[in-house]
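Colleague: I have just opened this structure and would like to learn how to read it. Could you take me through some features, one at a time?

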Amino acid sequence: MFCEKAIELIRELQRMSDGQLPAFNEDGLRQILQEMESLYEQNQSDVNEAKSDGRAELIPSIKLRHCCLLRNQRCVAAYLYDRLLRIRALRWEYGSVLPANVRFHMCAEEWFSQYKKSLASFMRSLGADGLDITQDMKPPKSLYIEVRCLKDHGEFEIDDGTVILLKKNSQHFLPRWKCEQLIRQGVLEHVMS
Amino acid sequence: MFVTDIRKEFYEVVANQRVALLVASDIDALCACKILQSLFHCDQVQYTLVPVTGWQDLGTAFLEHKEQFRYFVLINCGANVDLLEMLQPDDDSVFFICDTHRPVDVVNVYNDSQIKLLIKQDDDLGVPSYDDIFRDEDDEEGGDSGNESDEGSEPSGKRRRFDEGAVERRIERQRAKREWEARRREILFDYEQYEYHGTSAAMMFFELAWVLTKDTKDMLWWAVIGLTDQWVHDKITHMKYVTDIATMQRHVSRHNHRNEDEENSLSIDCMRISFEYDLRLSLYQHWSLYESICNSSYTSCNFKLWTLNGQKKLQEFLADMGLPLKQVRQKFHSMDMSIKENLREVIEESSNKYGMKDIRIQTFGVHFGYKNRFLANDMVHACAALLESAEKDDGDNFINALDSLSRSNLDRLHSGIDLAKRKLIAVQQTVASCICTNLILSQGPFLYCYLMEGTPDVKLFSKPMALTLLCKYLLRAFVHSTRNKRCKLLPLIMAAPRDVEKGTVIVVGIPPESETSDKKNFFGRAFEKAAESTSSRTLHDHFDTSIIELKTEDRSKFLDALITLLS
């Protein structure tokens, strides 16, 4: 059936709905493009035939193929756009350097680096020294938060040069911005009392 | 040295610094820690909190953190030992110690630079005066020996006359020195002989909060729990408990005063602390009344519930009060309102007839939300059960117990209450079996009981607080059940297996049970001496010196040494 491959691509993305990026399905995309090509060629020949021979009964099948072509186009565009949005979210989630396991699935490194550059130039243009808008995604309640260490992480340095030893089950009261990274990595846990 | 103005000398010093908090594993320390943490949150003082369970832990934690921190706050640990010698810190490390363990080591008292004690000085401390213990090096000794060498090399007629005078003076000085040293040893021995506890650390920190006018009801509640912990675990005398309750009562009425004028000013979710003259039945509001009576040590010992007679008396008691068995055996919340209304007075009247004069005790209760009412007692039992839960390791237990003290972690508190119920039942059953099978033996100067490995719930009793609780209940039960007048005045030593693979037992000693006991425990020193004399392999790791770990094989010779030592 036509357009099945396209639906498969969409389903693939839907399966991983929590923002993870599955591997780029080059094969699927190529198959869809091939399908589109063959449909287009068939349509071309049919249109020529219909025009020259005046065979009006070919028109419905031309219309059908045309609809399939449009549908394939929409599906592919949606697939690529959704991946783009997910890659953009990665920048906000992980910062400008992506960890290795995330980068594995991406093939559009170029777009990512361009996005990074434009975001960075925007941030630099705000205020006197620039403002890092990727921090504090939600308005913070306090400057310092209490965190609990879930696993041994060794030594950790904060802005004024002091070093903290992160040992399992120790609790610390640290500046919020330093802890966010480690909270995302799962080393620290925010304690709300 | 003792800190006189806790705000200036402690809080303002650490306010702009980073502090390491080393907290011992008992409820009072946890409460004190919570109070200090909220003060630090208020003022954004950066800190690191490390739980410690014994001296070794303290040493390790100090070594790990000494590079990064200059200020250390020790809660409920460190006062009763020479800290500087044990930890060997750098000269710029400062220790603030808030500890209930007494006697405070004399070096800690007289060190001016590095050790600051956050302890009230009017807590009858009895610290020996400086001159009695410390003495500067005698310059005259040096002069004398110089003279001596001169005399040795050139004895002449004239010098011989000076000789005799100098020799006499030297002999006199040496005799005085020996006398002084003997007196010093005696003074130190008297001072360090008995171990006891002082004012709760949580109350000290609450006072700090009050001086800073940053005290809240949460902090007040934690201070109350810290004080109640001292009473539940029998660390302070009844007089002291009553005095401290009066102090807390002043704070409670000050906090409640704001709401007296308007009727409905406070929302139901706000916290209300109230003074209660409530029953001495553990966890009775979260259990059924019957179970609570059976498993609280006061009632169970007075009725002697391990005997058939005792059971009958209990039934009589309930009948006397007019409480139907069906009501009494169901959950307290579901009892009829008509019964619950005057329950306390009814129980007090009837228990007077059965010889239980103090069934009611002064305490505090908290009330927040529609169904959350807790007495300070309940919180202490729940928290202690979480702190020593056998299922998880020490670090997790500490975190769980610390969390359960916050109002937002009610499910943890409820799980703690369940664990506490199981623990109380286990204690009761063990006490009953020990008394019925005569496991308590009189060894002369003390009573002794050993829990065999196969005893049910013995894992629960491999932890110090639980074992101490069992020990106290057992002694009380024994005193009520024995007819031997002499045995009633003896202290009790109890041993239970601690670690089966390593083959160690944990040994706990408690002072004799009496109405007016001053809770002073001499077993710390006794254990040390006995271990030395028999070279048994012991580990004096716990902050309470009367709790030690011992290798199972050395048990009998250790006991023999103790018997000879104490008789």
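Modeller: Gladly, and let us start with one helix. Helix α23 of chain B, residues 555-566, has twelve residues and reaches 16 Å from its first C-alpha to its last, close to the 16 Å expected at 1.5 Å a residue. That expected span is 1.5 Å times one less than the number of residues. Helices here are DSSP runs of H or I with at least four residues, strands are runs of E with at least two, and both are numbered from the N terminus.

Colleague: Before we go on, what kind of model is this, and how are things labelled?

Modeller: It is a predicted model, where local features need pLDDT of at least 70 and side-chain atom pairs count only at pLDDT 80 or more, while totals for chains, interfaces and linings use all residues. Residues are numbered from 1 along each chain as its sequence is written, chains are lettered from A and ligands numbered from 1 in the order in which they are written, and side-chain values use heavy atoms, with hydrogens and water left out.

Colleague: Which residues of α23(B) are buried?

Modeller: First the idea: an α-helix has 3.6 residues a turn, so residues three or four places apart point the same way. In α23(B), the buried residues are F558(B), L559(B), A561(B), L562(B) and I563(B). Buried means under 20% relative accessible area, exposed means over 50%, and partly exposed is in between, using a 1.4 Å probe and protein chains only.

Colleague: And what covers those buried residues of α23(B)?

Modeller: The cover includes the strands β12 (447-450), β13 (492-499), β15 (538-539) and β16 (547-551), together with helix α22 (523-534), of chain B.

Colleague: Why is helix α19 of chain B described as largely enclosed?

Modeller: Count its buried residues. Nine of the eleven residues of α19(B), residues 394-404, are buried, so this helix is largely enclosed by the rest of the structure. Among them are G395(B), F398(B), I399(B) and L402(B).

Colleague: How do I read a single residue inside a helix, such as D244(B)?

Modeller: Ask where it sits, how accessible it is and what it touches. D244(B) is in helix α11 (residues 238-256) of chain B, and its relative accessibility of 7% counts as buried. Leaving aside residues up to four places away in sequence, D244(B) touches T199(B), M203(B) and L227(B); contact means heavy atoms within 4.5 Å. D244(B) and M203(B) are 41 residues apart in sequence, yet their C-alpha atoms are 8.8 Å apart in space.

Colleague: What should I look for in the backbone?

Modeller: Most residues other than glycine have a negative phi, and most peptide bonds are trans. In chain B, L283(B) has a phi near 55°, a positive value, and N438(B) has a positive phi of about 55°. The peptide bond from R102(B) to P103(B) is cis, with omega near 0°.

Colleague: Are L283(B) and N438(B) buried or exposed?

Modeller: L283(B), in the loop between β8 (272-279) and α12 (289-295), is buried, with a relative accessible area of 0%. N438(B), in the loop between α20 (410-436) and β11 (441-442), is exposed at 58%. As for P103(B), its place is the loop between β5 (101-102) and α5 (106-110).

Colleague: Now the whole chains. How does the radius of gyration help?

Modeller: It is taken over C-alpha atoms, and the globule rule is 2.2 Å times the number of residues to the power 0.38. For the 567 residues of chain B, a compact globule would have a value near 24 Å, and the chain has 27 Å, which agrees. For the 193 residues of chain A, the rule gives a value near 16 Å, but chain A has 26 Å.

Colleague: How much of each chain is buried, and how many helices and strands are there?

Modeller: Buried residues make up 54% of chain B and 34% of chain A. Chain B has 23 helices and 16 strands, while chain A has six helices and five strands.

Colleague: Could we finish with one residue of chain A?

Modeller: Take V97(A), in the loop between α3 (59-94) and α4 (100-103). V97(A) is exposed, with a relative accessible area of 63%.
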